[in-house]
Structures are given as C-alpha cells and as structure tokens.
Amino acid sequence: MLTSQFEFSLPPELIAQAPPRERDQSRLLVVDRASKKLSHRVFGQVLDLLRAGDVLVLNDSKVIPARLRGINRVSGGEFEILLLEENQLNDWWALVRPGKRARLHTRIILKNPKTGDLTKIEALLVAQNPEGERRLRFSGAPNILEALEVLGEVPLPPYISRARHEDLTPDLARYQTVYAEAKGSVAAPTAGLHFTDRLLREIRDRGVQISFVTLHVGVGTFAPVKASHLSEHLMHEERFAVNEQTAKAINSAKNEGRRVIAVGTTSLRVLESVAAENDGQIVAGAKRTRLFIYPPARFRIVDALLTNFHLPRSTLLMLASAFAAPGETSGSTLVLSAYAEAIRERYHFFSYGDAMLIF
C-alpha cells in the first residue's frame with residue numbers, strides 16, 4: 001500500500017491542546033466493522049459495550065519527565081534534551097537540540113527549569129547513531145532518572161503548544177494514565193488517558209477482567225512514515241513485557257471464545273508481537289518489537305481496539321486501518337470515513353483528544 005493513502009486534512013482547532021475536565025467525559029466514536037456503522041457516545045458509556053468475560057488489556061507504562069534543559073559548558077549556548085532510553089545507570093540515548101551544536105564530547109550543564117539556576121549535573125555527549133540520536137553520560141547525580149522528578153519536564157508532543165515558561169503541573173497528572181506503574185515512556189499510551197479509577201471499578205463489577213502489559217512508548221510513535229510504500233518503512237523499536245498473570249488470562253479467554261480488547265495500539269502491538277512468535281499463544285517475558293502492522297494484516301489475539309485519533313501518515317493510523325478490515329486493504333477507507341465523520345462532528349484529535357472503539 002502507498003503511504004499517501006493515509007493522508008487527511010485536519011482543521012488546526014481540532015488538535016486538542018488540553019484534556020477534557022473529566023477523563024471519562026471525552027467523546028467516543030464507535031465503529032462496527034461488520035456493518036460499517038458509526039455511533040457517537042461519551043467515553044464513560046464504554047461500560048455498556050463491554051461483556052462479562054471480556055479481558056481488557058491496558059498498558060501500564062509510566063511517562064517520565066524526560067525533557068531537560070541545559071547550557072554548553074564552554075559557550076553557554078542553550079540545549080534541549082529529550083531522553084529516549086536508558087542503556088545503564090546514567091547512560092541514555094537522547095535527542096539533543098539544536099543538533100548542529102550537539103557535537104561529540106560536548107558537555108551540557110543541566111538547569112533547574114523552575115528557577116533557571118544551573119545544577120551540578122552534567123551530560124557528556126559520547127556517541128551518535130545514524131538516526132541522529134545522541135548518547136549521553138550523566139555525572140553529578142547518583143541516578144539521573146530520580147533527578148528527573150526535579151529537573152525534568154513533561155515530554156508533551158510537538159502539536160501541543162505551551163509557552164516557554166508555562167506551568168506544566170496540570171500536564172504532570174493528565175498526561176499519565178491513572179494506572180501507570182512502570183517508568184519508561186517518553187509519550188503517553190493515550191487511549192488509556194480516558195479511564196478513571198471509578199470507571200475501572202465499574203468495569204470490573206461488570207465481570208470484565210482487567211489485565212496489564214508494559215510497552216515503553218518511544219518518540220518514534222509521532223514520526224510520519226516517509227517511505228512511499230509501507231513495505232519500505234523501518235518500524236521504530238520499543239521495549240515490552242508481559243507477566244504470567246496476563247498471559248494466562250488472555251490464553252484462557254481465547255481458548256474459551258471470550259473477547260480480548262486492547263486499550264491502545266501499544267497494547268495491541270505487544271499481544272500480536274508475542275502471538276506471532278509463539279504460534280498464537282501469549283507467553284510471559286520481556287522483549288523488544290519492531291512489528292509494523294498495516295493492511296492487510298490479520299490478528300490472532302485482539303478482538304476489539306480502543307484507540308485515539310491519530311496523525312496523518314502515522315504507523316498508528318495504519319494499524320487502526322488494518323484492524324478495521326483484517327486481511328483486507330479496505331480498512332483505510334472505513335477509518336478515514338470515520339475520521340471525516342469525527343471532523344464534521346468536531347471531535348478533538350491526538351493525545352488529549354477523543355477516542356474510537358473498533359469492534
């Protein structure tokens with residue numbers, strides 16, 4: 001398929017700049033794959049679409065305050081750092097801007113974002129990979145991951161606008177799911193942002209089993225596909241883990257004909273990655289995946305997908321399109337028609353936006 005088949009125009013005012021006042025009061029567009037019918041609901045009404053015996057799979061990865069600011073120790077020039085992945089203690093891959101000035105052996109002194117004061121923590125640029133990422137070694141702190149609670153900022157995606165010194169305290173809570181546990185993501189698994197503790201309790205009370213996987217979302221989730229043909233695209237790699245309890249719950253559900261519902265493309269990628277390597281079974285363990293799901297993909301585990309509205313030409317939009325018509329190439333037509341309906345109805349898009357259920 002061509003990348004151009006996943007293009008659409010979005011009025012800028014429909015890019016959500018802030019979350020709804022209440023998480024579960026966002027809107028929900030329901031897509032019935034069999035009938036191709038669309039219906040409109042409030043997210044809290046997802047409760048009415050779940051059945052006793054369903055397994056709802058959530059990604060419990062926690063967003064870290066991964067954006068840092070600092071100055072060149074020699075020239076005083078300013079840098080912005082976005083941490084991507086920890087190699088070992090105080091050793092990280094990161095994006096450093098401006099990239100032209102982020103040369104090998106550059107030393108960056110970190111700043112306190114609240115006061116503007118320089119700290120005693122320093123980052124030494126020791127390597128660069130072909131993707132333009134820099135490898136940084138930190139000194140002056142026992143563990144930079146712990147120092148992020150003071151020095152780091154919420155890594156909001158580029159389409160969410162904030163003033164240079166705007167207070168990001170509200171985003172600390174809202175750009176995070178209520179069930180986040182495992183630190184490691186630099187972008188939120190956004191489909192889960194709509195759940196409240198109360199809604200999760202009500203879901204359990206309906207006889208739905210809630211299970212968790214962990215996939216640490218990387219910055220590549222926002223990257224558009226640049227290749228002309230989808231088959232030429234190299235998918236970014238992400239780390240994931242599945243525990244024994246989740247593996248058992250999902251295997252039992254599939255054996256008994258009960259539904260598995262993935263909350264977010266991240267949860268779906270975990271389940272389908274594991275199933276692809278284990279003859280349709282879910283096996284506990286921690287691995288990495290580069291699985292790129294696009295039409296006409298088939299799915300071995302997931303029966304319904306709860307997801308947000310995604311960027312044009314993004315791998316997430318391609319995954320949703322594949323799920324809308326498994327084994328066919330027509331899913332993009334259904335999803336883009338649903339997107340057109342959402343635009344007409346003034347839904348909000350992207351991370352802080354509304355949701356879609358495809359079943």
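**View 1. Glu341 and its side-chain partner Arg344 in a predicted model.** In this predicted model, the side chains of Glu341 and Arg344 are joined by a polar contact of 2.9 Å. Glu341 belongs to helix H7, and with a relative accessibility of 18% it counts as buried. When neighbours within four places in sequence are left aside, the residues in contact with Glu341 are Leu38 and His40.

**View 2. Helix H6 and the elements that cover it.** Helix H6 spans residues 315-324, and because 10 of its 10 residues are buried, it is largely enclosed by the rest of the structure. The buried residues are Thr315, Leu316, Leu317, Met318, Leu319, Ala320, Ser321, Ala322, Phe323 and Ala324. Their cover includes helix H5 (265-277) and helix H7 (331-344), together with strand S16 (304-308) and strand S17 (355-358).

**View 3. The largest nonpolar core, with Leu268 among its members.** This core has 68 residues, of which Tyr175, Leu268, Leu271, Ile282 and Phe349 touch the most other members. Helix H6 gives the most to this core, contributing seven residues. Not counting residues up to four places away in sequence, Leu268 touches Ala262, Ile293, Phe299, Val302, Leu305, Leu319 and Phe323. A second core, separate from this one, has 27 residues and includes Leu83, Leu110, Ile144 and Leu151.

**View 4. Helix H4, its cap and its surroundings.** Helix H4 (residues 244-255) has 12 residues and reaches 16 Å from its first C-alpha to its last, which is close to the 16 Å expected at 1.5 Å a residue. The N-terminal end of H4 is capped by Asn243, a side-chain oxygen of which lies 3.2 Å from the backbone nitrogen of Gln245, and just after the helix Gly257 takes a positive phi of about 75°. Within H4, the residues Thr246, Ala247, Ala249, Ile250, Asn251 and Ala253 are buried; what covers the buried residues includes strands S3 (55-59), S12 (209-215), S13 (238-242) and S14 (260-263), as well as helix H5.

**View 5. Strands S5, S6 and S7 and the hairpins that they form.** Strand S5 (residues 67-72) runs antiparallel to strand S6 (residues 78-88), and five bridges join them, with Leu68 having Ile81 of S6 as its bridge partner. The two strands form a hairpin with five residues between them, and Gly76 in the turn has a positive phi of about 85°. S6 in turn pairs with S7 in the antiparallel sense over seven bridges, and here the bridge partner of Leu83 is Ala94 in S7. The hairpin of S6 and S7 has two residues between the strands, and in it Asn90 takes a positive phi near 60°.

**View 6. Asp91 in strand S7.** Asp91 is placed in strand S7, which covers residues 91-97, and counts as buried at 1% relative accessibility. Leaving aside neighbours within four places in sequence, Asp91 is in contact with Glu85, Glu86, Arg135, Leu136 and Arg137. Asp91 and Asn143 are 52 residues apart along the chain, and their C-alpha atoms are separated by 9.5 Å.

**View 7. Thr196 in the loop before helix H3.** Thr196 is found between strand S11 (182-185) and helix H3 (197-205), where it is buried, with a relative accessible area of 15%. A polar atom of the Thr196 side chain lies 3.0 Å from the backbone nitrogen of Leu199. Apart from neighbours within four places in sequence, Thr196 is in contact with Arg23, Asp24 and Val178.

**View 8. Two of the aromatic pairs, Phe8 with Phe349 and Tyr179 with Phe212.** The structure holds 13 aromatic pairs. In one of them, the rings of Phe8 and Phe349 have their centres 6.2 Å apart and their planes at 40°, so this pair is tilted. The pair links distant parts of the chain, 341 residues apart, with Phe8 in the segment before strand S1 (27-31) and Phe349 in the loop between H7 and S17. Phe8 counts as buried at 13% relative accessibility, and Phe349 is buried with a relative accessible area of 0%. Tyr179 and Phe212 also form a tilted pair, at 5.7 Å centre to centre and 50° between the planes. Because Tyr179 lies in the loop between helix H2 (169-174) and S11 while Phe212 lies in strand S12, the pair ties together parts that are 33 residues apart in sequence. At 9% relative accessibility Tyr179 counts as buried, whereas Phe212, at 23%, counts as partly exposed.

Methods:
Residues numbered from 1 in each chain as written. Predicted model: local features only at pLDDT ≥ 70, side-chain atom pairs only at ≥ 80, totals over all residues. Heavy atoms only, no water. Buried < 20%, exposed > 50% of the residue type's maximum accessible area, 1.4 Å probe, protein only. Helix = DSSP H or I, 4+ residues; strand = E, 2+ residues; numbered from the N terminus. Contact = heavy atoms within 4.5 Å. Polar contact = N/O pair within 3.5 Å; in protein donor to acceptor, adjacent residues only side chain to side chain. Expected span 1.5 Å × (residues − 1). Core = buried A, V, L, I, M, F, W, Y, C linked by side-chain atoms within 4.5 Å. Pairing = 2+ DSSP bridges. Phe/Tyr/Trp six-rings, centres within 6.5 Å; stacked < 30°, edge-to-face > 60°.
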